[in-house]
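Open the model in your viewer and set it to cartoon view. Keep the selection tool ready.

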Amino acid sequence: MIEVIEPATEKVMAEVPRAGADEVDAAVAAAKAAFGAWRAVEPAERAATLRRLADAIEAEAAELATIEARNAGKPISDSRAEIAMVIECFRYYAGAPERLLGRTIPVAGGVDMTFREPLGVVGLIVPWNFPLVIASWKVAPALAAGNTVVLKPAELTPLTALELERIALGAGLPEGVFSVVAGPGSVCGARLVEHPDVAKIAFTGSTEVGRGIAAGAASTIKRVTLELGGKSANVVFADADLEAAAAAAPIAVFGNAGQDCCARSRILVERDALDDFLSAMEAVVKTMRVGDPLDDSTQMGPLISAGQRDSVASFVPSDAPVAFRGATPDSAGYWFPPTVLAPVSNSDRAAREEIFGPVACVIPFADEAEAVRLANDTIYGLSGSVWTRDGAKALRVSRGIEAGVVSVNSNTSVRVTTPFGGFKQSGVGRELGPDALDHYTELKNVFYATDQPREG
Ligand code: NAD
């Protein structure tokens, strides 16, 4: 069995059967058997099934949000927003079956047309930081495009994925179209990656595991989408609304206790504005409400595990340049205070590696050119922000930053309707928005000869 721990109490909240390679093989076989019928479902009916699924999730939204908040240790207000996004995601992609349009291309001798064909059985592997919402970014477009799906949640957070499997069956998804295997990555994830009947792997997780998945997928030429780590820059120019930038910067790192691939954990501040920015930020960090995930007013919960807390702590040794920190409860739970390191050099370990915890590095810069150079001096390229009142500079720097998702005077990264994904070692492919469907379909070209047969 998998013992599922509640990180805010360190107690077991549930036990679920641990799947192994045999369960993966059975789920893939069921998905393979279900594929032909599912891809043949008429577009409007497949759309209706996905809408019913969205409605069924909505009917259980409060319970799902509570399970997620307890299991992942995230504030209930965040958890409610995530479940709302899951519902929105299924509703958005419910529009897709009737909009998977092809093209006609002018050619000699006939008609040439393209089709978007489903891939077959798709294996989805997701992490523990945003368990159900990241799963929905993959499940919804995969099903909408006519694929069948086997989802492997993280071992630490399998509960909402298992709930989704139950809800999907209840909403009328045929047997085998969507199933969940909850087990270790090294066993269940690895089996999905090597399985000859799996056409594609869509993975979200660490860059290290992503490298192994890319290598493993090569032997069967599987399609792969990888959403990996990040070390995003939040670039604050002296001409920005400094109060607004400083008020927004903490939650852009400490949201989800920093366990967010989009965490803007390198805060680049123009040197002239450094003191003003830090003093405005300090007030916000010191009053952050860190505590019980189920309390409506909580802004930050615990880390996911004791191991994660140890790993985060290793980035804040006793001689670290801690500028200021928030507070944590002294009860049981994997707590770590929101911590701001300043000033930090971009070559320091804390600025180079993904900490995946509530630790921010403030890095001063002299001018626009240095800001862009520092922002890009990383192996990652997931997201980033630019704060300035100069519109042309905002656009120049946004274009200059090597990242998949950049926001101006905002720290948002993710919307159901817009593409999300990384440059460089932050990944391959795009999720969400219209582009995700390209990654769950193959493009087929059909030529149909229409010339009259020659007489005689
Ligand atoms: P992880 O890479 O350890 O695990 C992710 C998933 O992969 C889990 O389900 C795990 O069981 C599975 N897995 C582990 N080893 C495997 C193997 N050998 N073969 C197949 N599957 C395997 O990541 P994590 O610790 O769960 O999550 C944190 C990481 O995820 C961070 O690096 C974070 O940046 C990244 N992340 C990225 C995004 C994004 O969209 N770019 C979003 C969230 C998290």
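This tour starts with the whole chain and then moves to single elements and residues.

**The whole protein**

Remember that this is a predicted model. Start with everything selected. The protein has 14 helices and 18 strands. Its radius of gyration is 23 Å, close to the 23 Å from the globule rule for 456 residues, so the protein is as compact as a globular protein of that length. Along the principal axes, the C-alpha trace spans about 90 × 55 × 40 Å.

Now switch on the surface. About 18,500 Å² is exposed, and carbon and sulfur atoms supply 53% of that area. Of the 456 residues, 55% are buried.

Colour the charges next. There are 42 positive and 58 negative side chains. The centres of the two sets lie 4 Å apart.

**A strand pair**

Select residues 233-236, which form strand β10. Which way do the side chains point? Ala-233 and Val-235 point one way, while Asn-234 and Val-236 point the other way. All four are buried. In a regular strand, side chains alternate between the two faces of the sheet.

Add residues 266-270, strand β11. β10 and β11 pair in the parallel sense over 4 bridges. To find one bridge, go to Ala-233 and look for its partner in β11, Arg-266.

**Two helices and their cover**

Stay in this area and select helix α13, residues 368-376. Its buried residues are Ala-371, Val-372, Leu-374, Ala-375 and Asn-376. What covers them? The cover includes β10 and β11, along with β14 (359-365) and α14 (391-400).

Jump to helix α7, residues 185-194. Here Cys-188, Gly-189, Arg-191, Leu-192 and Val-193 are buried. Among the elements covering them are α1 (21-40), β5 (121-125), β6 (148-152), β8 (200-204) and α8 (207-218).

**Unusual backbone spots**

Most residues other than glycine have a negative phi, and most peptide bonds are trans. The next stops depart from that.

- Select Ala-342 and Pro-343. The peptide bond between them is cis, with omega near -15 degrees. Pro-343 sits in the loop between β13 (339-341) and α12 (349-352).
- Select Ile-221, in the loop between α8 and β9 (223-227). Its phi is positive, about 50 degrees, although Ile-221 is not a glycine. Ile-221 is exposed, with a relative accessible area of 61%.
- Finish at Lys-424, in the loop between β16 (405-408) and β17 (427-428). Its phi is near 50 degrees, again a positive value in a residue other than glycine. Buried or exposed? Lys-424 counts as partly exposed, at 36% relative accessibility.

How values were computed:
Residues are numbered from 1 along each chain as its sequence is written. This is a predicted model: local features need pLDDT of at least 70, side-chain atom pairs count only at pLDDT 80 or more; totals for chains, interfaces and linings use all residues. Side-chain values use heavy atoms; hydrogens and water are left out. Helices (H or I, at least four residues) and strands (E, at least two) are DSSP runs, numbered from the N terminus. The radius of gyration is taken over C-alpha atoms; the globule rule is 2.2 Å times the number of residues to the power 0.38. Buried means under 20% relative accessible area, exposed over 50%, partly exposed in between (1.4 Å probe, protein chains only). Accessible areas come from the Shrake-Rupley method with a 1.4 Å probe; for residues, only the protein chains shown count as cover. Lys and Arg count as positive and Asp and Glu as negative; His and the chain ends are not counted. The place of a charge is taken as NZ of Lys, CZ of Arg, CG of Asp or CD of Glu. Two strands pair if DSSP finds at least two bridges between them. Contact means heavy atoms within 4.5 Å.
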